[in-house]
Amino acid sequence: MTTIDYCERIPNNVDLASDRKLQRALESWQPKFLEWWQEMGPALPTQDVYLRTAVDVGREGWAHFGHVALPEYRWGIFLSERDPNRKIAFGDHKGEDAWQQVPGEHRADLQRLIVIQGDTEPASVEQQRRLGMTAPSLYDLRNLFQVNVEEGRHLWAMVYLLHAYFGRNGREEAEQLLLRNSGSEDAPRILGAFNEETPDWLSFFMFTYFTDRDGKYQLGTLKESAFDPLSRTCEFMLKEEAHHMMVGTTGVDRVVTRTVELMKEHDTEDIASRGGVPLDVLQKYMNFHYSVSLDLFGGDASTNVANYYTAGLKGRWLEERRTDDHRLRDAFSTIPFIEADGTLIEKELPALTALNVDLRNEYIGDCSNGVKRWNAILADAGIDTTFSLPHVGFNRAVGTFSGHRITPDGKVVDQATWDAQVTDYLPTADDKKHVESLMQPVYEPGKIASWVAPPKTGINGQPFNYEYVHLA
Amino acid sequence: MSDTATPPPVVSFDASPDSYRHLALKFDGPIATIELRTAEDGGLVPGYELKLNSYDLGVDIELHDAIQRLRFEHPEVRTVVVTGGLDKVFCAGANIRMLAQSGHPWKVNFCKFTNETRNGIEDATENSGQTYIAAVNGTAAGGGYELALACEEILLIDDGSSAVSLPEVPLLAVLPGTGGLTRVVDKRKVRKDRADVFATKSEGFRGQTAVDWKLVDASIPRSRFAEAVHERALELAERSHRPADARGIALTPLHREVTADGLEYQHVSVKIDRDAGQVDITVRGPVDAPPADVAAIHAQGADFYPMAVSRELDDAILRLRTNELEAGTWVIRAGGDAAKVLAYSDLVRANGDDWYVNEIGQFYKRVLKRLDVTSRSLIALVEPGSCFAGPLLELLLACDRQYMLDGTFTDAEDADSQTAPTLIVTEVNFGAFPMSNGLTRLQSRFYGDDEALAAVGAEKGNLIDASAAEELGLITYALDDIDWEDDVRIALEERASMSPDALTGMEANHRFVGPETMESKIFARLTAWQNWIFIRPNAVGPEGALRKYGTGQKAVFDRKRV
């Protein structure tokens with residue numbers, strides 16, 4: 001039945017060469033994946049791209065660089081090394097051996113968690129498929145494709161779990177992951193945030209900073225899972241996710257840097273006409289991407305997440321570094337909450353049902369590091385404006401704050417007040433139009449668009465003017 | 001209440017006339033008499049006395065044994081008279097103190113077995129030419145009258161005091177739920193308002209009123225009672241087609257090895273995994289070729305494969321149902337040579353007019369019905385070497401789900417396991433073993449889809465492989481060897497994690513599609529109503545009627561209608 005040279009075509013550390021179950025599943029899935037990639041992957045035709053390919057999980061193996069034609073990218077299947085003594089760190093099963101198989105009792109929940117995670121990975125590729133047309137430099141174009149192939153690989157990672165551990169049902173779910181498409185009317189992606197096209201590169205940098213960071217924290221909770229293969233898969237994915245966030249962090253860095261340069265050069269804050277993104281527009285983009293990413297953490301009080309925790313399916317960020325009893329049956333947490341009359345309060349909840357907020361708090365702390373970074377660029381340039389993260393209740397569509405209007409500085413206002421001020425908080429049509437006007441492609445090696453500064457260093461020691469992408 | 005009481009004993013369903021404590025079997029030509037005279041100190045469990053011919057599971061086990069033996073060991077018996085062996089008492093029904101002290105599962109199991117035994121009485125009357133009449137020679141109350149209701153005719157002694165009654169509702173706040181309510185209206189066609197009066201009138205009815213209300217068939221003066229019963233029994237015997245000169249088939253003791261975690265019979269193996277809550281039941285096909293003819297079948301007696309396997313399976317079901325309450329999933333396999341299964345089946349079909357061969361078919365039908373009403377998740381696994389063919393295919397069809405291996409296991413070594421499993425549908429799957437709803441299991445499976453049923457019918461005698469079986473709808477999933485292990489394991493584990501009560505209710509709903517019969521109603525209403533009432537405080541709470549009965553105190557009811 002084998003028509004694929006698995007080890008060569010699909011680098012892996014799951015013994016694919018001798019696993020008939022996986023081979024059979026992939027034989028049907030892999031062509032469908034490639035079809036999907038052709039149809040829904042990057043729209044810009046290229047000959048090849050300077051990409052990092054993971055061929056192993058170790059220090060040596062995870063970063064192999066070379067020019068690769070995109071469809072021939074070797075999407076691999078990697079799990080972090082197994083710790084044979086790993087114990088479950090939390091919940092009712094705390095202290096027991098980690099599960100090497102899916103317990104039937106938890107099949108439905110585990111499958112759901114994996115499918116939801118898996119659904120986001122190809123979604124972002126779909127959302128970003130047209131960005132190549134307006135890349136500010138070959139360096140950025142390459143980074144976009146690197147993120148894309150790795151999101152593709154993360155899809156493979158989730159599909160691997162479905163194929164290897166969930167039987168016939170798992171194969172069907174894996175196929176569905178390719179049939180749902182971002183923004184599709186009939187079969188959209190599961191989470192709302194993944195059905196919006198990423199319209200421009202500023203949004204792409206913001207997305208990789210804020211939204212991919214949500215992915216990092218979700219993976220972090222699954223890394224704690226009692227289901228060991230899921231845990232090991234997520235651990236390895238986190239390594240790649242860190243790179244995506246670096247693209248976002250340095251991307252926003254470079255936009256801020258360029259804005260500052262233009263401000264200094266022209267001695268004005270109004271740099272829109274000079275080919276840059278003004279500071280207030282940057283703040284509005286941050287407001288938008290941060291607030292919609294907070295929605296991805298789900299409801300403020302969730303019995304699902306409590307059940308997942310108790311069952312051992314999904315832990316907390318850095319679970320084992322926490323110093324409590326890891327069961328939380330009698331623990332309480334205080335979360336920000338809004339009363340029906342619009343009063344902001346602190347509410348005490350059983351800790352188990354407040355775990356979404358626990359994770360969200362970790363995320364918020366992490367996001368504020370980026371803001372500090374960008375403020376440092378402003379400070380170094382002697383500009384006394386600062387960026388800030390909006391209030392947690394700002395522009396929310398999920399959870400307690402949805403249905404209320406809260407300003408970035410945390411004031412509850414009525415709809416009329418909101419409507420009058422929203423142009424100060426969120427990108428306006430004019431802002432977006434301006435950003436869009438800046439999105440002129442620059443494909444010449446060593447050159448870069450007007451609105452963003454070049455990177456300090458290139459990829460894998462290569463210079464900025466390296467020919468990272470050969471266009472078709 | 002008493003789920004915390006002393007754990008129930010391990011129950012054996014073995015019985016034999018020479019050790020009956022509660023019954024006497026008497027024979028007089030074509031007439032047999034079952035005389036009930038329960039030993040007061042003979043309760044199966046300590047804590048109650050079987051006064052006034054009241055019964056418990058132990059009494060029912062003897063009654064069940066007697067009915068079976070009359071069918072198989074006594075071809076000459078054409079009428080069976082059920083009567084009381086105590087003065088002025090026919091039967092006072094289920095023992096109240098026993099009910100009051102029993103946990104819920106015990107009560108439910110007990111009632112289910114009682115129902116099955118009474119259905120067996122009606123089945124003997126209908127299909128074996130062995131007509132049961134109740135000679136109610138004293139008070140028949142509650143379950144006592146229900147026992148009489150299972151008989152074809154009820155002859156009540158007219159002594160100025162003996163009455164038939166269903167006092168459960170007024171006295172005990174429970175139902176005459178083992179067929180009583182249903183048979184009064186469905187079988188005896190008592191008008192519903194009269195049935196209402198009857199079932200709420202604790203002292204019941206006697207004499208001519210009982211006849212007028214169709215509660216009994218005749219009211220006979222004390223002096224003429226024995227004679228009239230005898231005459232009627234002889235008249236009914238005339239109608240029977242049972243052979244006069246045949247020799248019975250001795251129901252020899254079952255060969256059964258009971259181990260800590262299993263039961264081993266000649267043709268049936270039972271493995272109990274209490275941690276997983278799972279029982280693996282393997283029914284093996286016949287090893288030897290079938291005997292040449294009817295004479296040879298009779299010569300083999302109870303060892304004749306179809307008879308032997310039915311007895312073993314029946315015993316295994318009964319024991320597991322009563323003794324292994326927490327093993328909620330039964331995984332059923334059939335292993336052996338399908339060709340031999342069919343050879344036996346053909347032999348049985350060709351000799352259907354022989355009384356013994358007929359009895360075997362009727363018996364296997366009842367065993368399958370027992371499986372149908374078993375409150376366990378039933379999962380059939382069809383693996384290489386399996387023999388789900390003809391009569392044994394019914395086991396697969398009785399299951400809630402069927403998983404079939406598509407192809408073989410790659411690590412197969414012996415010849416048997418190198419052949420992909422197949423199913424075989426035969427004529428017997430189209431009528432020989434109806435369910436309690438009056439439909440065959442295939443009709444139930446394809447209810448409302450005659451085309452699908454016809455498609456299966458067109459495959460009679462053919463080897464049906466997994467993909468064809470899946471296409472035909474005979475199985476739930478065809479899985480190849482790569483998927484088999486995980487899919488089956490996950491399905492079983494997932495099943496075991498769900499609420500046993502919800503599963504029981506769900507399964508019973510799915511199993512019995514389509515029409516109701518009196519028989520199916522008896523089970524369904526027992527389950528839906530009696531078992532609900534059995535956990536309600538009005539019956540079993542500290543102030544409930546069942547608990548207060550016999551204490552001189554009045555029950556206190558929660559008056560809310562639900």
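**Exercise 1.** In which sense, and over how many bridges, do strand 1 (residues 46–53) of chain A and strand 7 of chain A pair?

*Solution.* In this predicted model, strand 1 of chain A and strand 7 of chain A pair in the antiparallel sense, and the pairing extends over three bridges. To place one residue in this ladder, take Val49(A), whose bridge partner in strand 7 of chain A is Val469(A). The next step is to put the pair into its sheet: three strands of chain A form an open sheet in the order 2-1-7, with antiparallel pairing. Strand 2 (64–68) and strand 7 (469–471) of chain A are the edge strands, each of which pairs on one side only. From one strand to the next, the twist averages 15°. Finally, look for what covers these strands: helix 4 (residues 138–165) of chain A lies across strand 1, strand 2 and strand 7 of chain A, and runs at about 65° to strand 1 of chain A.

**Exercise 2.** Determine how helix 3 (residues 104–127) of chain B is oriented relative to helix 20 (residues 518–533) of chain B, and describe their contact.

*Solution.* Begin with the geometry: the two axes come within 11 Å and cross at roughly 165°. An angle over 145 degrees counts as roughly antiparallel, and therefore helix 3 of chain B and helix 20 of chain B are assigned to that class. As to handedness, helix 3 of chain B passes helix 20 of chain B in a right-handed crossing. The contact residues include His104(B), Val108(B) and Cys111(B) from helix 3 of chain B, and Ile522(B), Phe523(B) and Leu526(B) from helix 20 of chain B. Sorted by class, this contact has six nonpolar, four polar and four charged residues.

**Exercise 3.** Repeat the analysis for helix 3 of chain B and helix 11 (residues 305–323) of chain B.

*Solution.* These helices pack at an angle of about 155°, and their axes are 10 Å apart. That angle makes helix 3 of chain B roughly antiparallel to helix 11 of chain B. On the side of helix 3 of chain B, the contact involves Trp106(B), Asn109(B), Lys112(B), Phe113(B) and Glu116(B), which meet Leu318(B), Arg321(B) and Thr322(B) in helix 11 of chain B. The residues of this contact divide into three nonpolar, two polar and three charged. Comparing the lists, Lys112(B) and Glu116(B) take part in the contacts with both helix 20 and helix 11 of chain B.

**Exercise 4.** Classify the aromatic pair formed by Trp201(A) and Phe205(A).

*Solution.* Over all chains, the count comes to 49 aromatic pairs. For Trp201(A) and Phe205(A), the centres are 6.0 Å apart and the planes make an angle of 65°, so the pair is edge-to-face, given that planes over 60 degrees apart count as such. Both residues lie in helix 6 (residues 201–223) of chain A, four residues apart, about one turn of the helix.

Conventions. Residues numbered from 1 in each chain as written. Chains lettered and ligands numbered in written order. Predicted model: local features only at pLDDT ≥ 70, side-chain atom pairs only at ≥ 80, totals over all residues. Heavy atoms only, no water. Axes fitted to C-alpha atoms, helices over the stretch in contact; angles between N-to-C directions. Helix = DSSP H or I, 4+ residues; strand = E, 2+ residues; numbered from the N terminus. Parallel < 35°, antiparallel > 145°, perpendicular 65-115°, else oblique. Left-handed = near helix turned anticlockwise from the far one by under 90°. Contact = heavy atoms within 4.5 Å. Nonpolar A, V, L, I, M, F, W, Y, C, P; charged D, E, K, R; others polar. Pairing = 2+ DSSP bridges. Phe/Tyr/Trp six-rings, centres within 6.5 Å; stacked < 30°, edge-to-face > 60°.
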